[in-house]
Amino acid sequence: MTLPATVSPLIELDEVYKIYSIGDQEVRALDGVSLKVHKGEFVAIMGPSGSGKSTLMHILGLLDAPTKGTYMLNGANVGGLEDKELARVRNREIGFVFQSYNLLPSFTAVENVELPMIYGSVKKRREKAQAALERVGLSNRMHHKPTELSGGQQQRVAIARAIATEPSVLMADEPTGNVATRQGEEIMSIFQTLNSQGMTAILVTHEPHIAQHGTRLVQVQDGKILADQLIKRRVLAEEWLAQPSNAMSTGVLDL
Ligand code: ADP
């Protein structure tokens, strides 16, 4: 994607490190990561186990702080923020989806979606929760409790909860890790639809067929970015490569 130089990124990490000291050993979970994400992108972060994906996602999601390096989110340096301000920025800017849904079992779907909005004193919570559940195709499951929903449906409730306040970016750490393959595809098609409606999205996965729903693939290894490529879906890639002017081009991943 070629963007005009004047468009500033939504997310900009510059030389970010996360270093753990265990006894006299140093683990560099992130080892100098620089990354820019623009509005409207759908970035899939892939890498082997232990490569630093979750650490990167948690730093991006303001759930963890880097040891050093800067993080600019929507034009603001979020590095030096106090906990209260950090929580406020996180609430406003980021919707986060976890592998394990993290729904409260005694609450219905709509109540689970409403809950973070109560903490954030958001107005018209019920309306927003219902609209978000409709967007993920669960208008007929609003009053079901998590145990009355499939794994895929529970994850869709978690996505609704993440998008209800229309954050700047939707982030997900292995969102399909706990669900059956078909339900995983449904979840990814929801991410794709939200992205096509303008939602910026970043997800971590170790599965190539999940990553291929994104528009860009960032590969991580040993705490570093190993590769960063645009994704062209197979049919588009074939059409694109069929044009003689593109035949020699590189940098587009055909998954
Ligand atoms: P991934 O998500 O790719 O599996 P992680 O981000 O969870 O990788 O971990 C990256 C590296 O950092 C691993 O070597 C892991 O053991 C280490 N690590 C992660 N969290 C901690 C922690 N709290 N304390 C010490 N080491 C950690």
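This report walks through the ligand site and the two largest pockets of a predicted model.

## Who surrounds the ligand

Let us start with the ligand and its neighbours. Early in the chain, Tyr20, Ile22, Val27 and Ala29 are among the residues around the ligand. The rest of that shell is made up of Pro48, Ser49, Gly50, Ser51, Gly52, Lys53, Ser54 and Thr55. Sorted by class, the shell holds five nonpolar residues, six polar ones and one charged residue. Lys53 is part of this shell, and lysine counts as charged.

## Polar contacts and cover

Three residues of the shell are worth finding in the structure. The side chain of Lys53 has an N or O atom 2.9 Å from an oxygen atom of the ligand. At Ser54, a polar backbone atom lies 2.9 Å from an oxygen atom of the ligand. Thr55 again uses its side chain, with an N or O atom 2.5 Å from a ligand oxygen. On its own the ligand would expose 560 Å², and the protein buries 62% of that area.

Which elements give two or more residues to the shell around the ligand? They are strand 1 (11–22), strand 2 (25–37) and helix 1 (53–60). Helix 1 supplies the largest share, three residues.

## The largest pocket

Now turn to the pockets. The largest one has a volume of about 690 Å³, and 22 residues line it. To find its centre, look for Arg90, Asn91, Ile94, Pro116 and Arg161, the lining residues that lie nearest to that point.

Several elements build the lining: helix 2 (83–93), strand 6 (94–97), helix 3 (109–119) and helix 5 (151–163) each provide at least two residues. Helix 3 contributes the most, with six residues. By class, the lining of this pocket has 13 nonpolar, six polar and three charged residues.

## The second largest pocket

The second largest pocket encloses about 210 Å³ of space. Its lining consists of 13 residues, and those nearest the centre are Glu166, Pro167, Ser168, Gly198 and Met199.

How many residues of this lining are nonpolar, polar and charged? Five are nonpolar, five are polar and three are charged.

Note on methods: Residues are numbered from 1 along each chain as its sequence is written. This is a predicted model: local features need pLDDT of at least 70, side-chain atom pairs count only at pLDDT 80 or more; totals for chains, interfaces and linings use all residues. Side-chain values use heavy atoms; hydrogens and water are left out. A residue is near a molecule or strand if one of its heavy atoms lies within 4 Å of it. A polar contact is a pair of N or O atoms within 3.5 Å; within protein, one must be able to donate a hydrogen and the other to accept it, and residues adjacent in sequence count only if both atoms are side-chain atoms. Accessible areas come from the Shrake-Rupley method with a 1.4 Å probe; for residues, only the protein chains shown count as cover. Helices (H or I, at least four residues) and strands (E, at least two) are DSSP runs, numbered from the N terminus. On a 1 Å grid over the protein atoms alone, a cavity is a set of points where a 1.4 Å probe fits but cannot get out, and a pocket is an open set with protein on both sides within 12 Å along at least five of seven lines; lining residues have an atom within 4 Å of a point. Grid points are joined across faces, edges and corners, and a volume is the space filled by probe spheres set on the points.
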